[in-house]
Amino acid sequence: MALDRWIALVILMISLAYGYTAFFTMDAGLPPFMKFNAIWPSTFPKGLSVMAVVCALIIVLSPQKSDAGPKAGDIDYRRLLDYKLGQALSLLAMMVAYALALRPVGFLISTVGFLVISAMILGERKLRFLIPIAVLAAGLVWYLVQGVLGIYLRPLPIFFGNGV
């Protein structure tokens with residue numbers, strides 16, 4: 001089986017577990033007044049899981065291509081070590097570090113750090129462009145989430161005294 005089918009099969013399994021959670025366990029703890037809303041907190045996860053299952057099934061069940069070998073631009077799973085796995089694993093580690101740093105460091109500092117370091121891992125070296133763009137993007141996302149949507153995001157670390 002080709003690498004794209006294996007990846008689609010993994011995504012299918014994850015999507016089925018996510019969909020089971022969204023359809024059967026997420027809404028159990030809803031307060032009574034929210035059960036009359038048209039949109040529940042599980043609405044987006046339900047739609048996302050259904051779309052992911054459909055897309056993964058299309059890839060897994062589509063007719064097999066001829067085995068004439070990989071074409072230019074295709075991923076050859078027999079040569080996985082020839083790709084830039086260090087960059088990919090570094091980015092995965094950065095995502096984990098970002099998720100762990102959000103609460104203690106605050107949204108703005110952790111987001112700017114994640115964007116700058118991740119871009120440098122991918123090869124960007126022009127810090128005069130990179131830092132202002134990362135600061136602007138993090139500030140804009142924070143304003144939209146906090147100011148427009150009204151969802152509190154701690155912008156800075158706790159020791160700066162900006163609240164709980």
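**View 1. The two sides of helix H2 in the predicted model.** The face of H2 turned away from its buried side carries Phe 44, Met 51 and Ile 58, which are exposed; the coordinates belong to a predicted model. The buried residues of this helix are Pro 45, Ser 49, Val 53, Ala 56 and Val 60. Because they cover an arc of only 75° around the axis, these buried residues lie on the same side of H2. Their packing partner is helix H1, which comprises residues 3-25. Helix H2 itself runs over residues 43-61, and its 19 residues reach 27 Å from the first C-alpha to the last, close to the 27 Å expected at 1.5 Å a residue.

**View 2. Val 50 of helix H2 and its separation from Leu 16.** Val 50 is found in helix H2 and is partly exposed, with a relative accessible area of 42%; this value is over 20% but not over 50%, and therefore Val 50 counts neither as buried nor as exposed. Although Val 50 and Leu 16 are 34 residues apart along the chain, their C-alpha atoms are separated by 8.4 Å.

**View 3. Surroundings of Thr 111 in helix H4.** Thr 111 is found in helix H4, which spans residues 107-121. With a relative accessible area of 8%, Thr 111 is buried. A polar atom of the Thr 111 side chain lies 2.6 Å from the backbone oxygen of Phe 107. Not counting residues up to four places away in sequence, Thr 111 touches Tyr 98 and Ala 138.

**View 4. The largest nonpolar core.** This core has six residues, namely Val 112, Val 116, Ala 119, Leu 130, Ala 134 and Ala 138. At least two residues of the core come from H4, and at least two from helix H5 (127-148). In soluble globular proteins, nonpolar side chains tend to be buried together. Ala 119, one of the core residues, is in contact with Glu 124 and Leu 130 when its neighbours within four places in sequence are left aside. Ala 138, also listed in the core, is touched by Thr 111 of the preceding view.

**View 5. The whole protein chain, for orientation.** The protein chain contains five helices and zero strands, and along the sequence its pattern reads α-α-α-α-α. Of its 164 residues, 21% count as buried, while the chain exposes about 12000 Å², of which carbon and sulfur atoms supply 75%. Among contacts between residues at least 6 apart in sequence, 54% join residues at least 24 apart.

Terms used:
Residues are numbered from 1 along each chain as its sequence is written. This is a predicted model: local features need pLDDT of at least 70, side-chain atom pairs count only at pLDDT 80 or more; totals for chains, interfaces and linings use all residues. Side-chain values use heavy atoms; hydrogens and water are left out. Helices (H or I, at least four residues) and strands (E, at least two) are DSSP runs, numbered from the N terminus. Buried means under 20% relative accessible area, exposed over 50%, partly exposed in between (1.4 Å probe, protein chains only). A polar contact is a pair of N or O atoms within 3.5 Å; within protein, one must be able to donate a hydrogen and the other to accept it, and residues adjacent in sequence count only if both atoms are side-chain atoms. Contact means heavy atoms within 4.5 Å. The expected span of a helix is 1.5 Å times one less than its number of residues. The arc is that of the directions from the helix axis to the C-beta atoms. A nonpolar core is a set of buried Ala, Val, Leu, Ile, Met, Phe, Trp, Tyr and Cys residues joined through side-chain atoms within 4.5 Å. Accessible areas come from the Shrake-Rupley method with a 1.4 Å probe; for residues, only the protein chains shown count as cover.
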